[in-house]
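Thank you all for making the time this morning. I would like to walk through one model with you, slowly, beginning with a sheet and ending with the contact between chains.

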Amino acid sequence: MGLLDGKVAMVTAAGGNIAGATARLFAAEGARVACLDIAGEDVAKTAADIEEVGGKAIAIPCDVSDEDAVKDAIAETVSTFGTITTLFNAAAFSEARHRLADMPVEMWRAVIDVNLTGMFIVCKYTIPEMQKAGGGSIINVSSIYGKVAARERPAYCSSKGGVRMMTKSIAVDYAEDNIRCNAILPGPIEGPRMLARNPSIAAVVERHGTRLHMKRLGRSSEIAQTALFLASDESSFTSGADMAVDAGYTAF
Amino acid sequence: MNRLAGNRLGGKIAFVTAAGGAIAGATARLFAAEGAAVACVDISAETVKQTAADITAAGGQALPLVCDVTDEDAVRDAVAQTVAEFGGLTTVFNAAAYRDPQAAALDIDVATWRKTLDVNVTGMFIVIQQALPHMQKAGGGSIVNISSIYGARVAKKRPAYSASKAAVRLLTQSIAIDYAEDNIRCNAILPGPIETPRLLVTNKSMDAVVDRHRPHLPAGRLGQPEEIARTALFLASDASSFTSGADHFVDGGYNAI
């Protein structure tokens, strides 16, 4: 028996490191999982991995900032699995380093459009399905940079701060529908995307210096485990909350 | 049976204060059901024996210990007995707290202020100080401290309680930072209003409590002690291995509005 038996989860960015680990864990705990990603090949791989170990998954290529595409993805999920009870919202990207005055407005809009408006669109069309299901749990991935600033990333930080407040707004407005909504604020998590920007993982640890109190980066599995707690009925009185998973990064 | 009765704390040895009470009692029982050996600590002998007896009757391992957490020697003895009985200490759940009578600052006497801070903050400090060396010996551990939503948002006419619970949050973060290299994690839980018998001492009914807290209870209900216990289980278990120095609101959205 799993902690998510009977649940149907939609996971965005499921072709990526963190949401991929989360989709796999949700499936291992009994959920049927709709895996969404803008990258069709990556998300097909996540769904195939889940099916291979006996889980239930479908892969849906989808740009979360495209309202019609999101509606279609939700319709496909409901027609395949009957409902949606659980949502893990992770689709996001960060701009190249710019201070605010040097940032083109188009770059700002692109980040806000995916990280905040995309999440809004996914929530907007998922909540009615959760209402029909009698309740649900929404988990939005914010960031430690929704709470403290990263240098030269004004759009990313603003979008992640917005995610925290949108999360609380949903928690308050839909509590009576038995829908919970919480944010996860990951610290630096080890993943392939990190190596696109940094020479090595050790260099990332070095750069974060004294704020990485465990002297290591987090793992995607550690975000997935937190998401599992929030997705499951174990967290039934937890809503509108920020869950930092950062080994004390924002405490210091 | 689902995984709720599992082995998520297999091999852990927990020290649970206020274990005779509703929240810590539920936590002690859940920790034991998940495989931990549990030292049940409370100032009240009768209630803590009951919690330990419940655990033993369900096939778990428990040791009742009568102890005032503000008494350094008593805490040292309680920790020593735990280690002697179970062979170590890996997990602390700190819930012992004093709820001062409602009074604004002008109306609270200094003795009441001191007592509240002594139990809620200094008592927690003493327990942590005595437990840490054993956690270092064990190669790591997890400390879960009970703060309160009133450590983030004030309650009316509870200056001492609010100040004490805010102090718990920063004590928690301080421990998290200073002992991270020893693989010791430390987190705070901030419960919203939880349905416990204690609430009925100052309120005529649970419905009256819900009414009093609107609109801060968007789900229209109080929390249950088991809901705090399950959050404590997450934080005590290895599922939360990168979570430290964090506040965990378990408040049904109280702090979101």
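In which sense do strand β4 and strand β5 of chain A pair, and over how many bridges? Strand β4 (residues 86-89) and strand β5 (residues 136-141) of chain A pair in the parallel sense, over 4 bridges, where two strands pair if DSSP finds at least two bridges between them. A:Phe88, for example, has A:Ile139 in β5(A) as its bridge partner.

Before I go further, a word about where this comes from: it is a predicted model, in which local features need pLDDT of at least 70 and side-chain atom pairs count only at pLDDT 80 or more, while totals for chains, interfaces and linings use all residues. Residues are numbered from 1 along each chain as its sequence is written, and chains are lettered from A and ligands numbered from 1 in the order in which they are written.

Let me now take chain A as a whole. Chain A has 8 helices and 7 strands, and when I say helix or strand I mean a DSSP run, numbered from the N terminus, with helices being H or I of at least four residues and strands being E of at least two. The radius of gyration of chain A, taken over C-alpha atoms, is 17 Å, close to the 18 Å that the globule rule (2.2 Å times the number of residues to the power 0.38) gives for 252 residues, so chain A is as compact as a globular protein of that length. Along the principal axes, the C-alpha atoms of chain A fill a box of roughly 45 × 35 × 35 Å.

The pair of strands I began with belongs to an open sheet of 7 strands in chain A, in the order β3-β2-β1-β4-β5-β6-β7, with parallel pairing. At the edges stand β3 (56-61) and β7 (242-245) of chain A, each of which has a single partner strand, so one side of each is left without a neighbour in the sheet. From one strand to the next the twist averages 15°, and for angles in general here, axes are lines fitted to C-alpha atoms, for helices over the stretch in contact, with angles running from 0 to 180 degrees between N-to-C directions. Helix α2 (residues 40-52) of chain A packs on this sheet, touching β2 (32-37) and β3, and its direction makes about 175° with that of β3(A); touching means contact, that is, C-beta atoms, placed from the backbone, that lie within 7 Å.

Two helices of chain A deserve a moment as well. The axes of helix α3 (residues 67-81) and helix α4 (residues 105-133) of chain A come within 9 Å and cross at roughly 30°. That makes α3(A) roughly parallel to α4(A), a term used for angles under 35 degrees. The residues that meet include A:Val70, A:Ile74 and A:Val78 in α3(A), and A:Ile121, A:Val122 and A:Tyr125 in α4(A). By class, this contact of α3(A) with α4(A) has 6 nonpolar, 1 polar and 3 charged residues, counting Ala, Val, Leu, Ile, Met, Phe, Trp, Tyr, Cys and Pro as nonpolar, Asp, Glu, Lys and Arg as charged, and the others, Gly among them, as polar.

One backbone detail in chain A is worth pointing out. A:Asn178, in the loop between α5 and β6 (179-186) of chain A, has a positive phi of about 65° although it is not a glycine.

Turning to chain B, its secondary structure comes to 8 helices and 7 strands. A compact globule of 257 residues would have a radius of gyration near 18 Å, and chain B has 17 Å, which agrees. The open sheet of chain B has 7 strands in the order β3-β2-β1-β4-β5-β6-β7, with parallel pairing, and its twist averages 20° from one strand to the next. Within chain B, strand β1 (residues 13-17) runs parallel to strand β4 (residues 91-94), the two being joined by 3 bridges, and B:Phe15 has B:Val92 in β4(B) as its bridge partner. Helix α5 (residues 159-178) of chain B packs on the sheet, where it touches β5 (141-146), β6 (184-191) and β7.

Chain B has a backbone detail too, since the peptide bond from B:Arg214 to B:Pro215 is cis, with omega near 0°, and B:Pro215 lies in the loop between α7 (206-213) and α8 (225-236) of chain B.

Finally, how many residues of each chain are in contact across the two chains? 31 residues of chain A are in contact with 31 residues of chain B. On the chain A side, α5 (154-173), α8 (220-231) and β7 each supply at least two residues, and α8(A) gives the most, with 4 residues. By class, that side of chain A has 15 nonpolar, 10 polar and 6 charged residues.

Definitions and conventions
Parallel < 35°, antiparallel > 145°, perpendicular 65-115°, else oblique.
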